[in-house]
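The exercises below are meant for a reader who is meeting this structure for the first time. Each one sets a task and then works through a solution step by step.

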Amino acid sequence: MREILGRLGRRRRLLSRRNGGGKPEVLGAALTFAAEWQWPVLPGVAPDPQGRARCGCPDPECTVPGAHPFDPGLLAATTDERMVRWWWTNRPTAPIILATGGVAPCAVSLPAPAAARALHALDRMGMRLGPVVAAPTRWSLLVKPYTMEQLGELLYAKDFVPGSLRFHSEGGYIALPPSETGLGQVRWERAPLPGSASPWVPDVEAVVDAVVEALTRTGVSAPEL
């Protein structure tokens, strides 16, 4: 931990001053994810205060403003309560970034309009889903950790997979509620059950099979996604 703290230099202090204010609910959520659910998290780079649709990172064309790691990098994600508390005490409005895979859930994401239709179809099919994270442009369905080999075999066996499905496995990340990013608020479309020791999530195979079938049934074609 000392090494991580020691590397947080001038950029961190600048980001801390930018983010002023304070959101205890963000700290509380980050502590729940890390300490109670054992999901490794880290603070994301905040949106640029000079323009909410822009990112605080050096990339002027960043496509996920405020919704990705920057300083520290993704490998710093942790479940250590002291580290999480220190991060969000110093950067109280920083987005919460989940490092997917390993011991943490992975995710399957798709564009928000198609996701809303798919969830409606899945409900009619009686499909049991875990938590669903809704960002302004994409929704992410949390699933059990999977390897790239498992994913490759799953997709190879399918005749059709919508091109805009994204898979967030080990080495990936998503922003968690109640993060505020440059594109807007991240919220739960399907929240974990209250008091969950660690939320239940389904297998990736079941989710991908059901989502592809639901999108096919509802007539959503690849170009629409």
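**Exercise 1.** Decide whether Glu 189 is buried, partly exposed or exposed, and find the residue with which Glu 189 forms a salt bridge.

*Solution.* Since the model is a predicted one, every value used here is computed from it. Step one is to take the relative accessible area of Glu 189, which is 29%; because partly exposed covers the range between 20% and 50%, Glu 189 is partly exposed. Step two is to look for the partner, which is Arg 187, with the closest N and O atoms 2.7 Å apart. Step three is to classify that partner in turn: Arg 187, with a relative accessible area of 40%, is partly exposed as well.

**Exercise 2.** Out of the 6 salt bridges found in a search of the whole structure, examine the one between Asp 209 and Lys 158, and work out which parts of the chain the pair ties together.

*Solution.* First, the closest N and O atoms of Asp 209 and Lys 158 are 2.6 Å apart. Next, the two residues are placed: Asp 209 belongs to helix H7 (residues 204-217), while Lys 158 sits in the loop between helix H6 (148-156) and strand S6 (166-168), so the pair ties together parts that are 51 residues apart in sequence. Finally, Asp 209 has a relative accessible area of 34% and is partly exposed, and Lys 158, at 24%, is also partly exposed.

**Exercise 3.** Describe the open sheet formed by 3 strands, and say which helices pack on it.

*Solution.* Begin with the order of the strands, which is S1-S2-S7 with antiparallel pairing. From this order it follows that S1 and S7 stand at the edges with a single partner strand each, so one side of each is left without a neighbour in the sheet. Neighbouring strands are turned against each other by 35° on average, direction ignored. Then turn to the pairing of S1 with S2, which extends over 3 bridges and in which Leu 42 has Ile 97 of S2 as its bridge partner. The last step is to add the helices: H3 packs on the sheet and touches S1, S2 and S7, its direction making about 15° with that of S2, whereas H4 touches S1 and S2, with a direction about 20° from that of S1.

**Exercise 4.** Find out which residues of the largest nonpolar core touch the most other members, and which element supplies the largest share of this core.

*Solution.* The core has 32 residues, and those touching the most other members are Phe 33, Trp 88, Ile 96 and Leu 176. Among the elements that each supply at least two of its residues are helix H3 (24-36) and strand S2 (96-99), and the largest share, 7 residues, comes from H3. To follow one member outward, leave aside the neighbours of Phe 33 within four places in sequence; its contacts then include Gln 38, Val 41, Ile 96 and Leu 176.

**Exercise 5.** Identify what is unusual about the backbone at Gln 38 and at the bond from Pro 177 to Pro 178.

*Solution.* The starting point is that most residues other than glycine have a negative phi, and most peptide bonds are trans. Gln 38, although not a glycine, has a positive phi of about 60°, and this residue lies in the loop between H3 and S1. The bond from Pro 177 to Pro 178 is cis, with omega near 0°, and Pro 178 lies in the loop between S7 and strand S8 (180-181).

Methods. Residues numbered from 1 in each chain as written. Predicted model: local features only at pLDDT ≥ 70, side-chain atom pairs only at ≥ 80, totals over all residues. Heavy atoms only, no water. Core = buried A, V, L, I, M, F, W, Y, C linked by side-chain atoms within 4.5 Å. Buried < 20%, exposed > 50% of the residue type's maximum accessible area, 1.4 Å probe, protein only. Helix = DSSP H or I, 4+ residues; strand = E, 2+ residues; numbered from the N terminus. Contact = heavy atoms within 4.5 Å. Salt bridge = Lys/Arg side-chain N within 4 Å of Asp/Glu carboxyl O. Pairing = 2+ DSSP bridges. Axes fitted to C-alpha atoms, helices over the stretch in contact; angles between N-to-C directions.
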